[in-house]
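I opened a fresh page to keep track of what I looked up in this structure. The entries follow the order in which I worked.

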Amino acid sequence: MSFDELDRTTRYIYEAKARASAVLNEKAPKLTTLEKAMWVKLKSGDGLCR
């Protein structure tokens, strides 16, 4: 999927999910609010982030 086809909001969501996944095993990473919400969701085991 090319980022050229996506709008800015969708790109932010994909980038936040990637960042949250990258720091999944850290105790207290410095994240944006969106990244932290996805990090908590992934950490809880739901894994149903958008």
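Where is the place of Ile13? I found Ile13 in helix H1, and I note at the outset that the model I am reading is a predicted one.

Entry on Ile13. I looked up the accessibility of Ile13 and got a relative value of 15%, so I entered this residue as buried, the cut-off for that being under 20%. I then took the C-alpha atoms of Ile13 and Leu34, which are 21 residues apart along the chain, and found a separation of 7.8 Å.

Entry on the whole protein. I counted two helices and zero strands, and of the 50 residues in the protein 24% are buried. For the surface I noted about 4000 Å² exposed, with carbon and sulfur atoms supplying 52% of it. Of the contacts between residues at least 6 apart in sequence, I recorded that 11% join residues at least 24 apart.

Entry on the helix pair. At what angle do the axes of H1 and H2 cross? I read off roughly 55 degrees, with the axes of H1 and helix H2 (residues 33–43) coming within 8 Å. H1 and H2 are therefore oblique to each other, and I wrote down their crossing as right-handed. On the H1 side I listed Tyr12, Ile13, Ala16, Lys17, Arg19, Ala20 and Ser21 as making the contact, and on the H2 side Leu34, Glu35, Met38, Trp39 and Leu42. Sorted by character, the residues of this contact came out as eight nonpolar, one polar and three charged.

Entry on Ala22. I next went to Ala22, which is found in helix H1 (residues 8–22). Is Ala22 buried or exposed? With a relative accessibility of 61% Ala22 counts as exposed, because the cut-off for that class is over 50%. I also checked Ala22 against Trp39, 17 residues apart along the chain, and their C-alpha atoms are separated by 9.3 Å.

Entry on Pro29. I placed Pro29 in the loop between H1 and H2, and its relative accessible area of 16% means that I entered Pro29 as buried. Which residues is Pro29 in contact with, leaving aside its neighbours within four places in sequence? I found Val23 and Trp39. From C-alpha to C-alpha, Pro29 and Trp39 are 9.4 Å apart in space and ten residues apart in sequence, and I noted again beside this that Trp39 is among the H2 residues that make the contact with H1.

Methods. Residues are numbered from 1 along each chain as its sequence is written. This is a predicted model: local features need pLDDT of at least 70, side-chain atom pairs count only at pLDDT 80 or more; totals for chains, interfaces and linings use all residues. Side-chain values use heavy atoms; hydrogens and water are left out. Helices (H or I, at least four residues) and strands (E, at least two) are DSSP runs, numbered from the N terminus. Buried means under 20% relative accessible area, exposed over 50%, partly exposed in between (1.4 Å probe, protein chains only). Axes are lines fitted to C-alpha atoms, for helices over the stretch in contact, and angles run from 0 to 180 degrees between N-to-C directions. Angles under 35 degrees count as roughly parallel, over 145 as roughly antiparallel, 65 to 115 as roughly perpendicular and the rest as oblique. A crossing is left-handed if the near helix is turned anticlockwise from the far one by less than a right angle, and right-handed if clockwise. Contact means heavy atoms within 4.5 Å. Ala, Val, Leu, Ile, Met, Phe, Trp, Tyr, Cys and Pro count as nonpolar, Asp, Glu, Lys and Arg as charged, and the others, Gly among them, as polar. Accessible areas come from the Shrake-Rupley method with a 1.4 Å probe; for residues, only the protein chains shown count as cover.
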